[in-house]
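Please look over the sequence and the model shown here, and then read the notes that follow on the ligand and on two helices.

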Amino acid sequence: MVDTWGDPPPIKKIRQQIIPLAQGKVLEIGVGSGANFLHYDPERVSKLYALEPNLGMIRLAERQRRKTKLNIEFLDLPGERIPLEDASVDTVVSTFTLCTIPGIVDAIQGIARVLRPDGKLIFFELGLSPDPAVQRWQKQWEPIHHWLFQGLYLTRNIPSLIMEGGFEINQMKTGYLAQFPKSLSYCWWGTAINVPN
Ligand SMILES: C[S@@+](CC[C@H](N)C(=O)[O-])C[C@H]1O[C@@H](n2cnc3c(N)ncnc32)[C@H](O)[C@@H]1O
């Protein structure tokens, strides 16, 4: 959806609020065209692993990379197979990727594995509305939206999946992003902590 509609103001505003919370060694999964790159604070981020399996997207993200001072390494693998050592990053970022990635449970397990204990997951995702009328619409139209918007799943409850993966959500905001239909705009954004077992 984001890649189809560009980076409209309500989405950009939230990126500006949450991406600067990243620090240290950072892994971003599904970087797409690199819309978040300009919002990282280069003084706080020592390295950004930019994971993205779509080579066309990596080419677009390369252009964004040139506009920043960040030390970026692209990883052209899917998020279900993160090629990093256990507990090797301080922050993981996912914006509109957990709502797209096919193997979400494997991806969240992988994120927990590579994130250091007490490390931070920053998320901004789209999914299942709490409103039953909107939910009915989302369930009915999910297959079409999955096809139209590059594999988007409309009916995932991302915070529940994050918590089932062993994270504690420590701050989160929710809402319909203005200017889009309700079925396509219920979002959660915030941070979760990787709690050691
Ligand atoms: C909706 S886009 C979001 C892009 C970017 N994160 C943003 O906020 O603009 C979803 C991204 O997830 C990527 N993606 C799809 N399957 C993936 C997978 N298995 N692992 C990692 N990324 C994946 C897509 O190529 C796409 O770039």
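In this predicted model, an oxygen atom of the ligand lies 2.9 Å from an N or O atom in the side chain of arginine 15, which is one of the polar contacts (pairs of N or O atoms within 3.5 Å) listed below.

| Ligand atom | Protein partner | Distance |
|---|---|---|
| oxygen | arginine 15, N or O atom of the side chain | 2.9 Å |
| nitrogen | glycine 30, polar backbone atom | 2.7 Å |
| nitrogen | glutamate 80, N or O atom of the side chain | 2.8 Å |

On its own the ligand has 590 Å² of accessible area, of which the protein covers 90%; such areas come from the Shrake-Rupley method with a 1.4 Å probe. The ligand is surrounded by 20 residues, and the closest are Gly30, Glu52, Gly79, Glu80 and Thr95, where a surrounding residue has a heavy atom within 4 Å of the ligand.

Residues are numbered from 1 along each chain as its sequence is written. Because the model is predicted, local features need pLDDT of at least 70 and side-chain atom pairs count only at pLDDT 80 or more, while totals for chains, interfaces and linings use all residues, and side-chain values use heavy atoms, without hydrogens and water.

Helix α4 spans residues 104–114, and its buried residues include Ile104, Ile108 and Ile111; buried means under 20% relative accessible area, with a 1.4 Å probe and protein chains only as cover. The buried residues of α4 pack against several elements, among them β1 (24–29), β4 (89–95) and α6 (158–164).

Leucine 148 belongs to helix α5, residues 132–148, and counts as partly exposed because its relative accessibility is 45%, between the limits of 20% and 50%.

Definitions and conventions
Helices (H or I, at least four residues) and strands (E, at least two) are DSSP runs, numbered from the N terminus. Contact means heavy atoms within 4.5 Å. A polar contact is a pair of N or O atoms within 3.5 Å; within protein, one must be able to donate a hydrogen and the other to accept it, and residues adjacent in sequence count only if both atoms are side-chain atoms.
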